[in-house]
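Open the model in your viewer and keep the sequence panel beside it. The stops below say what to select and what is there.

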Amino acid sequence: MEEETVAGDLWKELSQQALVTPTPEVKSNVMPAIFSGRQTIEKFRDAIVSGYLPLAFYIALFSAFGLNLDRHYATIQLAFIPLSFALAYLLYPLFDFTDLKRVRDIVALFALGLLVSTVIGCAEATLRPSPLRLSFLEQVLDSGIVHLHLTLSTPLFLLSVLTLLAFKGWTNIVLKQTPWYDSPKYPPGRRILALGLLLVPPLLYSGLFLSALPSQEVMKWQKSLTAAAPKNPWLPAFSSANNKRWSDLNLHHPENYTEQALELLRQGQLPTPDSYEIRHIFDSERLGENSSHKVELRLQEMLVGFARGQHPSSNDGNRFLGLALARDELSAAELKELETRLLELQESLPSSEQSTDYFLLGCLAQREREFGKFSFYSWLDRRGATPERLLKQRSVQERIEQWLQLKSQLSERPHHKVEALAFSRSIARLCSGGAPHDAGPLVLPEDYKICLELLLWSTRARLYQKNHGRLPTDRVHLPDLPSDWELREDFDGSVYLSNQDRRWQMRMAR
């Protein structure tokens with residue numbers, strides 16, 4: 001009993017002493033290099049095992065796959081070094097590099113690739129904007145799709161998968177050296193933020209696709225025009241189905257290209273306004289001399305130019321015929337043929353409303369391009385799902401809806417003619433004949449009416465010269481010449497035929 005009391009007193013005394021004895025101060029700067037080094041190593045391992053560092057390296061390599069060594073791409077590549085770490089910090093809670101068998105990480109490569117490619121497209125559109133783009137968004141998404149197509153090509157995608165598996169293997173090696181590591185638990189907000197960022201590009205593309213779907217008004221308008229297409233040479237049928245036909249005609253039938261091309265032109269079967277073929281239908285290399293078809297070919301060239309929105313002053317068919325008449329290069333038979341056809345074209349000249357309808361209808365036709373049989377971009381393009389085509393289609397449909405609202409008011413309110421002219425300026429950029437920002441007002445039939453009259457009276461003046469040996473110098477020699485046209489002889493013996501209102505004139509040498 002006494003021993004227990006002594007031991008208890010001793011323990012009590014020791015306890016009280018421990019409470020009053022100050023704890024020796026530990027210096028915080030003892031071996032700082034070792035402590036900081038250990039902390040750095042642990043943080044580095046945490047960054048690897050958590051997936052942050054492998055994902056940052058993967059994004060940096062992924063961006064390098066889709067970029068070449070051009071000067072502005074080098075700038076983007078340098079910018080992607082810090083950006084890769086920033087994206088990885090936001091996205092790594094969605095990826096698990098510790099599990100080699102998780103297949104959904106490979107599936108997520110598509111979404112990750114689309115995000116990185118869209119960011120690359122945004123950088124490219126900022127550093128090197130295209131003057132022909134419809135909008136900033138069009139270049140961003142279209143450039144992103146192109147880069148995604150490059151990185152998803154078979155060799156690069158396999159390399160991408162192997163790189164992902166290599167980073168997973170590296171993570172598992174580090175994990176074996178740190179068995180005490182526990183997988184972090186992320187709050188739901190982090191995962192929602194990462195998932196939302198990853199879904200931004202798909203949502204952008206989906207929204208673009210849905211916005212490009214035609215409204216009921218546009219579908220009804222299009223059906224009314226295509227159900228009973230008029231047999232009017234000024235209103236041809238543009239179709240992407242004709243693109244390949246014209247291309248094959250040039251490649252496989254160059255010897256009888258002119259005859260077959262004329263047959264398609266007579267039927268009004270033209271390739272789409274933005275196609276390569278429509279710009280080269282009347283190339284001299286394809287047509288050759290073909291003197292027997294000179295007049296018809298040039299008149300067809302004028303009609304195609306009108307349908308594409310070309311002004312008479314820039315219409316090659318009109319300029320060729322004008323020069324041929326001014327230089328007296330046409331025979332009597334060709335002049336007679338030209339007079340007959342010009343009269344027919346004057347009778348079939350469409351109204352302003354009709355020409356606007358069919359111009360917009362032609363703008364809806366899209367070019368069908370070839371990017372290789374197994375091309376991802378070609379697969380999208382054939383289904384009209386590339387950003388460029390979707391944005392252009394949406395832009396055309398917006399103009400059609402505006403036109404339908406204005407068209408219903410033209411007959412009721414005369415002052416809406418001024419609004420129609422302003423509207424024609426707004427849709428002129430859809431014309432494929434020039435850069436969008438340089439286009440003038442939409443060409444209307446009234447512009448070609450004066451052009452046809454000038455060609456017609458110049459043709460009759462040359463026919464008079466063939467019959468009488470000299471050009472007419474008086475209105476008596478050209479019966480039925482309208483009062484707004486002048487015919488006079490200049491001091492050097494040349495004859496001028498001009499229209500007073502618009503100052504159209506043609507100088508014909510003797």
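**Cysteines**

Start by selecting Cys451, which is buried, with a relative accessible area of 1%. This is a predicted model. Next select Cys122: buried or partly exposed? Cys122 has 32% relative accessibility and therefore counts as partly exposed, since buried means under 20%. Do not look for a sulfur–sulfur link here or elsewhere, as a search of the whole structure finds zero disulfides.

**Helix α11**

Select α11, residues 257-266. Colour Tyr257, Thr258, Ala261, Leu262, Leu264 and Leu265, which are the buried residues of this helix. Now turn the view to look down the axis of α11: the buried residues fall within an arc of 160°, so they line one face of the helix. An α-helix has 3.6 residues a turn, so residues three or four places apart point the same way.

What do the buried residues of α11 pack against? Show α10 (241-252), β2, α12 (284-287) and α13, and the partners of these buried residues are on screen. Then step just past the end of α11 to Gly268, which takes a positive phi of about 75°.

**The largest pocket**

Keep Gly268 selected and turn on the surface. The largest pocket has a volume of about 690 Å³. It is lined by 31 residues, and those closest to its centre are Asn232, Leu235, Pro236, Gln267 and Gly268. Add α9 (216-227), β1 (237-238), α11, β2 (269-270), α13, α15 (332-347) and α16 to the view; each supplies at least two residues of the pocket lining. Which of these elements gives the most? That is α13, with five residues. By class, the pocket lining divides into 18 nonpolar, eight polar and five charged residues.

**The cavities**

Last, clip into the interior. A search of the whole structure finds two cavities of 30 Å³ or more, and the largest cavity holds about 110 Å³ of space. To frame the largest cavity, select its lining: Trp234, Leu235, Pro236, Phe238, Phe306, Ala307, Ser355, Thr356, Tyr358, Phe359, Leu442 and Val443.

Colour α13 (294-307) and α16 (352-364), which each supply at least two residues of this lining. The largest share, four residues, comes from α16. Colour the lining of the largest cavity by class, and 10 residues are nonpolar, two are polar and none is charged.

Note on methods
Residues are numbered from 1 along each chain as its sequence is written. This is a predicted model: local features need pLDDT of at least 70, side-chain atom pairs count only at pLDDT 80 or more; totals for chains, interfaces and linings use all residues. Side-chain values use heavy atoms; hydrogens and water are left out. On a 1 Å grid over the protein atoms alone, a cavity is a set of points where a 1.4 Å probe fits but cannot get out, and a pocket is an open set with protein on both sides within 12 Å along at least five of seven lines; lining residues have an atom within 4 Å of a point. Grid points are joined across faces, edges and corners, and a volume is the space filled by probe spheres set on the points. Ala, Val, Leu, Ile, Met, Phe, Trp, Tyr, Cys and Pro count as nonpolar, Asp, Glu, Lys and Arg as charged, and the others, Gly among them, as polar. A disulfide is a pair of cysteine sulfur atoms within 2.5 Å. Buried means under 20% relative accessible area, exposed over 50%, partly exposed in between (1.4 Å probe, protein chains only). The arc is that of the directions from the helix axis to the C-beta atoms. Contact means heavy atoms within 4.5 Å.
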